[in-house]
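Trainee: I should like to learn how to read burial, packing and empty space in a protein model. Where should one begin?

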Amino acid sequence: MKNLSKKIGVGLLLVTSMVGGVCAAEKAVSEFSKKPINLVVPYPPGGTTDILARIFANQISEDTGQTVVVVNKAGAGGNIGASYAAKSAPDGHTLLLGTVGTQAINKWLYRGLNYDPQKDFKAIAKVASVPNLLVANPAEPYKNVSELIAFAKSHPGVINFASAGTGGSTHLAGELFKNMASIDILHVPYKGSSAVMTDIIGGQVQITFDNLPSVIQHVRSNKLRAIAITSSTRSGALPDVPTIAESGLPSYEVMSWFGVFVPADTPEETRRFLEKISATALAKPGLQEKIQEQGGTVDSMVGDAFENFVELENDKWHKVIESAKIVLE
């Protein structure tokens, strides 16, 4: 009987402990939900990162009932917003919607960067992958890649290609095209995609390699002409637009990606909670449809899997930038 009483006592203690743990977890979630979540976008409003951030933020708010505020902190190729997020309180209430630029390119591109994307952040969830779209002002004489290359070769230095900022994927996509096609086109950097769209529609620049969500509505409204897409396969959003690879540059491929990050010191239980609500949001058909409408793809990569992906992307872009000898102040 003594042994039985002892076992019952231990069992009750374990049950009590488990209930206490559940109550503590519930209390932690309850306390967490009392404050709004700030989702930092390190680029101006209107660009791809901003569009995807608002789709994701709205889904999280709908799922959890918690307010999610999109905060645009643009400048220096995304470095200002990323640095701000890295140095924010590690309590899960400030998230960064990072990109291939802020998390895998800028570390190798900028001299004296004041944050380290690998050491200062923990990856939560990959939100989407997006190809770039090569577009031109409709007044330009070229309608496909072959005609564009032929025009550039007969008119060296005449074509200006705009980007959302020096060193970003929209810039590197143009440089890769320029090198592979052996043409002389001039890079014109802007501060964000919205400014690029204004000037290319107005005819101040001729072409750009911008993220698909930033340009797709202008293509659909015939304000811009789609020349080709930078992915290895055609996009379901624009199935009639060929890839650059199938248009004469076989190995050409450039993809942008976007994901949620938190400061590295964020407690593990908070990170796991954010991973859970992110995975739930990204699994929703409505969110996936909205991202697909913008020309993106939801990859549903969460936690450690996303962390490993970011490490591989750092290795890849480090080699590309080192080989091209590009350095920015």
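Mentor: Let us begin with burial: a residue counts as buried when its relative accessible area is under 20%, and as exposed when that area is over 50%. Please keep in mind that the model before you is predicted.

Trainee: Is Thr94 buried or exposed by that criterion?

Mentor: Thr94 has a relative accessibility of 11%, and therefore counts as buried. It is found in strand 3, which covers residues 94–99.

Trainee: Which residues is Thr94 in contact with, leaving aside its neighbours within four places in sequence?

Mentor: With those neighbours set aside, the contacts of Thr94 are Asn38, Val40, Tyr84, Ala85, Ser88, Val262 and Pro263.

Trainee: How does this single residue fit into the protein as a whole?

Mentor: Of the 329 residues of the protein, 49% count as buried. The protein has 11 helices and 10 strands, and its C-alpha trace spans about 100 × 40 × 35 Å along the principal axes. Among contacts between residues at least 6 apart in sequence, 77% join residues at least 24 apart.

Trainee: Can burial also be read for an entire element? How many residues of strand 8 are buried?

Mentor: In strand 8 (residues 225–229), five of the five residues are buried, so the strand is largely enclosed by the rest of the structure. Strand 8 runs antiparallel to strand 4 (residues 121–136), and four bridges join the two. Within strand 8, Ala228 stands opposite Leu134.

Trainee: How should one read a nonpolar core?

Mentor: The general idea is that in soluble globular proteins, nonpolar side chains tend to be buried together. In this model, the largest nonpolar core has 48 residues, and those with the most contacts inside it are Leu39, Phe56, Val127, Leu133, Leu212 and Ile291. Apart from this core lies another, of 23 residues, among them Tyr142, Leu148, Ile185 and Ile227.

Trainee: Which residues is Leu39 in contact with, beyond its neighbours within four places in sequence?

Mentor: Leu39 is in contact with Ala53, Phe56, Ala57, Val68, Val69, Val70, Val71, Leu95, Leu96 and Leu97.

Trainee: Let us turn to empty space. How is it found, and how many cavities of 30 Å³ or more does the structure hold?

Mentor: Rolling a probe the size of a water molecule over the atoms shows where empty space is left. The structure holds two cavities of 30 Å³ or more. The largest cavity has a volume of about 60 Å³. Its lining consists of Ile37, Leu39, Phe56, Ala57, Ile60, Val68, Leu95, Leu274, Ile277 and Ser278. Strand 1 (37–41), helix 2 and helix 9 (268–282) each give two or more residues to that lining. By class, the lining of the largest cavity has nine nonpolar residues, one polar and no charged.

Trainee: What is the lining of the second largest cavity?

Mentor: The second largest cavity holds about 40 Å³ of space, and is lined by Pro117, Gln118, Phe121, Ala123, Phe261, Glu307, Val310 and Glu311. Strand 4 and helix 11 each give two or more residues to this lining, and the largest share, three residues, comes from helix 11. By class, the lining divides into five nonpolar, one polar and two charged residues.

Trainee: Pockets remain to be read. What volume does the largest pocket have, and which residues are the closest to its centre?

Mentor: The volume of the largest pocket is about 500 Å³. It is lined by 31 residues, of which Tyr43, Gly77, Ala164, Gly165 and Gly192 are the closest to its centre. The elements that give two or more residues to this lining include helix 2 (48–64), helix 6 (169–181) and strand 9 (255–263). Helix 4 gives the most, with three residues. The classes in the lining of the largest pocket are 10 nonpolar, 19 polar and two charged.

Trainee: How does the lining of the second largest pocket divide by class?

Mentor: The lining of the second largest pocket has 10 nonpolar residues, one polar and four charged. The volume of this pocket is about 350 Å³. Of its 15 lining residues, Leu172, Leu176, Val254, Trp317 and Val320 lie nearest its centre. Helix 6, strand 9 and helix 11 (304–324) each give two or more residues to the lining.

Note on methods. Residues are numbered from 1 along each chain as its sequence is written. This is a predicted model: local features need pLDDT of at least 70, side-chain atom pairs count only at pLDDT 80 or more; totals for chains, interfaces and linings use all residues. Side-chain values use heavy atoms; hydrogens and water are left out. Buried means under 20% relative accessible area, exposed over 50%, partly exposed in between (1.4 Å probe, protein chains only). Contact means heavy atoms within 4.5 Å. On a 1 Å grid over the protein atoms alone, a cavity is a set of points where a 1.4 Å probe fits but cannot get out, and a pocket is an open set with protein on both sides within 12 Å along at least five of seven lines; lining residues have an atom within 4 Å of a point. Grid points are joined across faces, edges and corners, and a volume is the space filled by probe spheres set on the points. Ala, Val, Leu, Ile, Met, Phe, Trp, Tyr, Cys and Pro count as nonpolar, Asp, Glu, Lys and Arg as charged, and the others, Gly among them, as polar. Two strands pair if DSSP finds at least two bridges between them. A nonpolar core is a set of buried Ala, Val, Leu, Ile, Met, Phe, Trp, Tyr and Cys residues joined through side-chain atoms within 4.5 Å.
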